[in-house]
Amino acid sequence: MSEHVLFLTGKLAEKQLRSILEKIQPEFTYTVHQLGVKVAALMTTDMIARRLIDTFGATRIILPGRCRGDINALSQHLNLPVERGPEELKDLPMYFGKAAHKYDLSQYNVKIFAEIVDAPHISIEAILEKANYYRRNGADVIDIGCLPSTDFPHLEETIQALKQESFTVSIDSLDDNDLLKGGKAGADYMLSLHEDSLWIADEVAATPILIPQKHEDLASLNRAIAIMQAKNRDFIVDPILDPIHFGFTQSIVRYHQVRQQHPDINMMLGVGNITELTHADTVGMNTLLLGICSELNINNILTTEVSKHACRAVKEADVARRIMHAAKEQNTLPKHIDASLMALHEPAPFPYAFNEIKELATQITDPSFRIQISQEGVHIFNRDGLHSATDPFDLYPHLNVKDDGGHAFYLGVELARAEIAWQLGKRFNQDQPLNWGCATDSTEQTVDLHAFKPAGSTLKKP
């Protein structure tokens with residue numbers, strides 16, 4: 001039995017929905033049914049249950065993306081699968097593409113070592129707090145960073161406290177005594193050992209991360225690898241990633257050389273030398289570095305959040321490793337898998353062209369303002385007309401809200417969001433915060449699609 005899809009919509013969107021479906025030319029047959037409501041977003045599942053008498057032989061029903069109510073209850077009532085489509089009609093082609101390619105982002109191959117670099121100077125309580133923050137953002141291992149020529153009297157106690165809280169722990173130092181104490185205290189990993197300090201690995205059970213005896217000395221690294229392999233011990237190899245203009249490109253070449261010489265060993269990439277020491281947004285850097293890890297089968301990274309601009313490094317790496325894993329498993333480019341790494345820009349920021357917005361504006365017969373953006377700028381319209389600008393201040397004289405403080409405040413907030421979205425090339429949806437991907441933690445209350453959409457942020461009149 002071939003699939004027949006019923007699309008439910010409102011009066012304003014019906015023409016556009018039909019046009020988009022004609023362009024898509026889907027493999028299934030379909031019916032577009034206008035349910036007698038002007039704005040599709042005002043449709044509810046209870047309304048559909050009352051008004052939808054004929055399902056037109058559908059095997060599946062797709063509702064407008066902003067339709068409120070319990071779709072499971074509606075599905076049971078109609079005895080048909082029911083789902084919400086995208087919030088914007090222009091996203092229907094991508095919606096059906098995603099339906100055919102659902103990516104599993106629960107899987108990854110790269111462990112994240114998140115370093116607490118100032119551990120000697122902070123309390124155990126503060127270390128535990130930071131460790132929990134890193135774990136929430138995706139860290140697998142908490143790396144306790146020691147400082148040169150700095151006492152760390154609570155080193156052992158710190159590691160034991162972390163282990164009691166079920167953390168996996170690494171001790172990070174260039175001092176042999178710190179590494180030995182950390183290993184004996186129960187650390188799972190040691191950063192970093194070289195050819196002359198491998199004796200420490202004989203004293204403790206911790207897995208060592210191996211580095212060259214001298215910077216760029218791959219011969220000494222190869223000897224250390226051979227020693228550990230002869231002892232049948234687990235180890236991780238870090239050829240050392242250098243900062244830009246201080247050997248970055250050559251260090252990438254070293255990683256490639258080590259992987260060619262040792263196809264099966266575990267490796268680590270210290271991404272902090274790029275994210276911390278380059279003043280640029282870190283989300284792109286982490287994405288590219290995790291892409292390198294994916295290609296070279298590097299299954300561990302060491303990252304930090306010391307510089308304020310790198311404050312989301314762990315979360316960004318967590319998202320990037322999952323996307324890269326999914327792309328590699330599906331043998332596809334890391335595109336259209338997940339939008340969380342699209343912090344500043346988006347692939348389709350302007351779903352509607354200016355002429356389409358003008359056509360929609362001619363159909364509006366109520367006083368409520370709609371705000372949309374296109375490549376040309378910010379547009380606001382209601383039954384009294386359409387006004388466009390690239391500076392929201394130019395729109396104020398047309399709004400007639402000088403005696404309505406609450407409405408003016410609301411429109412100010414929404415127009416400011418629209419201006420930012422237009423300037424950056426981001427998607428703008430009225431009454432919704434801009435989506436900054438994994439660059440922020442959302443502070444907005446999640447809208448429950450089982451309930452009616454909360455009213456906009458205006459002051460209530462007495």
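A disulfide is a pair of cysteine sulfur atoms within 2.5 Å. Keep that cut-off in mind as we turn to this predicted model, where a search of the whole structure finds zero disulfides. Cys311 shows how the cut-off works out: the cysteine sulfur closest to its own belongs to Cys438 and is 11 Å away, so the two are too far apart for a bond. Cys311 is also partly exposed, with 41% relative accessibility. Cys146, by contrast, is buried, and its relative accessible area is 13%.

Let us step back to the chain as a whole. Its 462 residues include 47% that count as buried, and the fold is built with 15 helices and 15 strands. Along the principal axes, the C-alpha atoms fill a box of roughly 80 × 60 × 40 Å. Among contacts with a separation of 6 or more, 60% join residues 24 or more positions apart. The chain exposes about 23900 Å², and carbon and sulfur atoms supply 51% of that area.

How far can you trust the coordinates? The mean pLDDT is 91, and 94% of the residues reach 70 or more. Residues 450-462 are a stretch to treat with care, for their pLDDT is below 50, although the model gives this stretch 17 contacts beyond near neighbours in sequence. Where pLDDT is low, the predicted coordinates should not be read in detail.

Now follow strand S5, which spans residues 111-116 and is mostly covered, with five of its six residues buried. S5 has a parallel pairing with strand S12 (residues 300-303), made over four bridges. Strand S6 (residues 141-145) also pairs with S5 in the parallel sense, again over four bridges. Phe113 is a handy marker for both pairings: it stands opposite Leu302 in S12 and opposite Val141 in S6. From S5 the chain passes through helix H5 (residues 124-136) to reach S6, and this β-α-β crossover is right-handed.

Which residues does Thr282 touch, leaving aside those up to four places away in sequence? They are Thr275, His309, Ala310 and Glu316. Thr282 itself lies in helix H12, which covers residues 282-296. With a relative accessible area of 2%, Thr282 is buried.

A few places in the backbone deserve a look of their own. The peptide bond from Leu191 to Ser192 is cis, its omega lying near 0°. You will find Ser192 in strand S8 (residues 189-193).

Two other residues have a positive phi although neither is a glycine: Ser149, at about 55°, and Ile240, at about 80°. Ser149 sits in the loop between S6 and helix H6 (155-164), while Ile240 belongs to the loop between strand S10 (236-237) and helix H10 (248-261). As for their surroundings, Ser149 counts as exposed at 84% relative accessibility, whereas Ile240 is partly exposed, with a relative accessible area of 22%.

Methods
Residues are numbered from 1 along each chain as its sequence is written. This is a predicted model: local features need pLDDT of at least 70, side-chain atom pairs count only at pLDDT 80 or more; totals for chains, interfaces and linings use all residues. Side-chain values use heavy atoms; hydrogens and water are left out. Buried means under 20% relative accessible area, exposed over 50%, partly exposed in between (1.4 Å probe, protein chains only). Helices (H or I, at least four residues) and strands (E, at least two) are DSSP runs, numbered from the N terminus. Two strands pair if DSSP finds at least two bridges between them. A crossover is right-handed if, with the strands pointing away from the viewer, the path from the first strand over the helix to the second runs clockwise. Contact means heavy atoms within 4.5 Å. Accessible areas come from the Shrake-Rupley method with a 1.4 Å probe; for residues, only the protein chains shown count as cover. pLDDT is the predictor's confidence in each residue, from 0 to 100.
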